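Open the model in your viewer and keep the sequence beside it. This tour goes from the whole chain to single side chains.

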Amino acid sequence: MSTKAAEQKSFIDAVKSRRTYYNLTNESTIPDSRIEELVRDAILHCPSSFNSQSTRLVVLLKQEHEQLWDMVRDVLKAIVPEDRFEPTQQKLSGFRGGYGTIMFFEDPAPIKALQSKFATYSEHFPQWSEHTSAIHQYMLWTAFEAEGLGCNLQHYNPIIDQKVQNHWKIPMDWSLKAQLVFGKPAAQPGEKAFQPVEERVFIHGK
């Protein structure tokens with residue numbers, strides 16, 4: 001098998017094994033330097049519409065990660081009725097128990113520049129920006145899976161945006177899209193059901 005074929009198989013294996021892990025510990029299977037390397041690889045090599053490079057990544061590890069989920073808890077505690085808060089508290093404690101969180105933002109400046117330069121496609125650039133963010137999310141989720149980390153993807157935006165951006169001095173015009181929680185898996189994920197491929201894939205010209 002060629003080196004390239006082996007690399008492709010490794011990627012497909014990671015795609016197949018990528019799952020949502022909610023039971024995480026505050027340990028990592030890889031050093032922080034490797035986490036940083038993967039994040040830098042994502043920001044450099046993930047594609048974006050018209051090469052907009054609009055994605056911004058904020059990585060929180062250890063105590064910084066815990067601080068984020070303490071903030072989320074405080075925000076939700078002011079919103080969720082007290083008699084219904086316990087399940088929310090348990091869920092947030094699970095996220096807080098992980099090793100780190102990556103926050104995915106989109107910077108509107110490159111998008112606005114492209115809207116001005118390519119007016120014909122102006123209305124589509126915001127949606128394409130969402131696609132760009134999703135590509136980064138999936139790439140890192142899969143890359144972390146290949147390194148033995150478990151992840152789950154959360155969306156507590158926009159209710160936490162202002163608090164988070166003020167605390168970590170993130171530009172207020174950046175738009176928070178998702179939070180990828182990660183850590184060493186403490187349990188296996190549940191079974192995943194699959195809809196028939198024949199109802200979802202259609203090939204012509206064979």
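Start with the surface of the whole protein. It exposes about 12400 Å², and carbon and sulfur atoms supply 52% of that area. Accessible areas here come from the Shrake-Rupley method with a 1.4 Å probe; for residues, only the protein chains shown count as cover.

Two notes before you go on. This is a predicted model, where local features need pLDDT of at least 70 and side-chain atom pairs count only at pLDDT 80 or more, while totals for chains, interfaces and linings use all residues. Residues are numbered from 1 along each chain as its sequence is written, and side-chain values use heavy atoms, with hydrogens and water left out.

**The whole chain**

Zoom out. The C-alpha atoms fill a box of roughly 60 × 45 × 40 Å, taken along the principal axes. Switch to cartoon view. The protein has seven helices and five strands. Helices (H or I, at least four residues) and strands (E, at least two) are DSSP runs, numbered from the N terminus. Along the sequence they follow the pattern α-β-α-β-α-α-β-α-α-β-α-β.

How much of the protein is buried? Buried residues make up 37% of the 206 residues. Buried means under 20% relative accessible area, exposed means over 50%, and partly exposed lies in between (1.4 Å probe, protein chains only).

Now consider contacts, meaning heavy atoms within 4.5 Å. Among those between residues at least 6 apart in sequence, 84% join residues at least 24 apart.

**Helix 2 against helix 6**

Select residues 32–45, helix 2, and residues 125–146, helix 6. Two packed helices are described by the angle between their axes and the distance between the axes. Here the axes come within 10 Å and cross at roughly 150 degrees. Axes are lines fitted to C-alpha atoms, for helices over the stretch in contact, and angles run from 0 to 180 degrees between N-to-C directions. Helix 2 passes helix 6 in a right-handed crossing. A crossing is left-handed if the near helix is turned anticlockwise from the far one by less than a right angle, and right-handed if clockwise.

Show the side chains. Which residues meet between helix 2 and helix 6? From helix 2 come Ile35, Leu38, Val39, Ala42 and Ile43; from helix 6 come His136, Met139, Leu140, Ala143 and Phe144.

Stay on Ile43, in helix 2. Ile43 counts as partly exposed, at 31% relative accessibility. Leaving out residues up to four places away in sequence, Ile43 touches Thr55, Leu57 and His136. Try a distance, too: the C-alpha atoms of Ile43 and Val58 are separated by 11 Å, and the two residues are 15 apart along the chain.

**Charged pairs**

Side chains of opposite charge can pair when their charged atoms come close. A salt bridge is a side-chain nitrogen of Lys or Arg within 4 Å of a carboxyl oxygen of Asp or Glu. The whole structure has ten salt bridges.

Select Lys62 and Asp32. Their side chains meet in a salt bridge at 2.8 Å, N to O. This pair links distant parts of the chain, 30 residues apart: Lys62 is in the loop between strand 2 (55–61) and helix 3 (63–77), and Asp32 is in helix 2. Lys62 is partly exposed at 37%, and Asp32 is partly exposed at 27%.

Next, select Glu66 and Arg96. They form a salt bridge at 3.8 Å, N to O. Glu66 lies in helix 3 and Arg96 in helix 4 (residues 85–96), so the pair ties together parts 30 residues apart in sequence. Glu66 is partly exposed at 23%; Arg96 is partly exposed at 33%.

Move to Arg73 and Asp70, a salt bridge at 3.4 Å, N to O. They are separated by about one helical turn because they sit three residues apart in helix 3. Now add Asp74: Glu66, Asp70, Arg73, Asp74 and Arg96 are linked in a network of salt bridges.

**Inside, then outside**

Select Gln165, in helix 7 (residues 161–167). Is Gln165 buried or exposed? Gln165 is buried, with a relative accessible area of 3%. Beyond its neighbours within four places in sequence, Gln165 is in contact with Phe105, Ile170, Pro171, Met172 and Trp174.

Finish at Ile203, in the segment after strand 5 (175–185). Ile203 counts as exposed, at 60% relative accessibility. Add Val197 and Val201: with Ile203 they make a nonpolar surface patch of about 280 Å². Patches are made of residues with over 30% relative accessible area and no salt bridge; like charges are joined within 9 Å, and nonpolar side chains (Val, Leu, Ile, Met, Phe, Trp, Tyr) within 5 Å.
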